[in-house]
Amino acid sequence: MEKDMKFDLENALGQRKSITVQIEDIEQIMGDDWLLEFSAQAQELGLRIDPHKTDPSLLSVTRV
């Protein structure tokens with residue numbers, strides 16, 4: 001099943017400057033190549049993806 005993660009990411013962020021996302025959730029939706037796909041879609045939206053400062057199972061997504 002393929003899902004438009006860009007749409008979900010945009011809605012999840014809403015008007016906030018940044019959000020925290022579970023890597024496991026992204027991987028379940030996008031499969032093994034989740035990082036490449038997620039990064040490309042975040043870049044299209046003008047967002048930056050960084051590892052979470054304290055939890056390796058999370059990503060921080062921030063407006064650039």
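This passage describes the fold, the strand pairing and the charged side chains of a predicted model.

The chain holds three helices and three strands. From the N terminus on, these elements follow the order α-β-α-α-β-β. The chain has 64 residues, of which 28% count as buried.

Strand S3 takes part in two pairings. Strand S1, residues 18–22, is joined to S3 by five bridges. The two strands run antiparallel. Within this pairing, serine 18 has threonine 62 of S3 as its bridge partner. Strand S2, residues 47–51, is also joined to S3 by five bridges. This pair runs antiparallel as well. Here aspartate 50 stands opposite serine 60 in S3. S2 and S3 form a hairpin, and six residues lie between them. Strand S3 itself spans residues 58–63 and is mostly covered. Five of its six residues are buried.

Aspartate 50 has a second contact, through its side chain. Its side chain meets that of arginine 48 in a salt bridge. The distance from N to O is 2.6 Å. The count for the model comes to one salt bridge. Both partners are partly exposed, but their values differ. Aspartate 50 has a relative accessible area of 25%. It counts as partly exposed because this value falls between the limits of 20% and 50%. Arginine 48 reaches 47% relative accessibility and therefore also counts as partly exposed.

Other acidic side chains gather at the surface. Glu24, Asp25, Glu27, Asp32, Asp33 and Glu37 form a negative surface patch. Helix H2, residues 23–30, gives the most to this patch, with three residues. Aspartate 32 is another member of the patch. Aspartate 32 is found in the loop between H2 and helix H3, which covers residues 34–44. The relative accessible area of aspartate 32 is 73%, so this residue is exposed. A patch residue needs over 30% relative accessible area and no salt bridge. Aspartate 32 meets the area limit because its value is 73%. Aspartate 50, at 25%, falls short of that limit, and its side chain is held in a salt bridge; aspartate 50 is therefore left out of any such patch.

How values were computed: Residues numbered from 1 in each chain as written. Predicted model: local features only at pLDDT ≥ 70, side-chain atom pairs only at ≥ 80, totals over all residues. Heavy atoms only, no water. Patch = residues over 30% accessible without salt bridge, like charges linked within 9 Å, V, L, I, M, F, W, Y side chains within 5 Å. Areas by Shrake-Rupley, 256 points an atom, 1.4 Å probe, with all protein chains shown as cover. Salt bridge = Lys/Arg side-chain N within 4 Å of Asp/Glu carboxyl O. Lys, Arg positive; Asp, Glu negative; His and termini not counted. Charge placed at Lys NZ, Arg CZ, Asp CG, Glu CD. Helix = DSSP H or I, 4+ residues; strand = E, 2+ residues; numbered from the N terminus. Buried < 20%, exposed > 50% of the residue type's maximum accessible area, 1.4 Å probe, protein only. Pairing = 2+ DSSP bridges.
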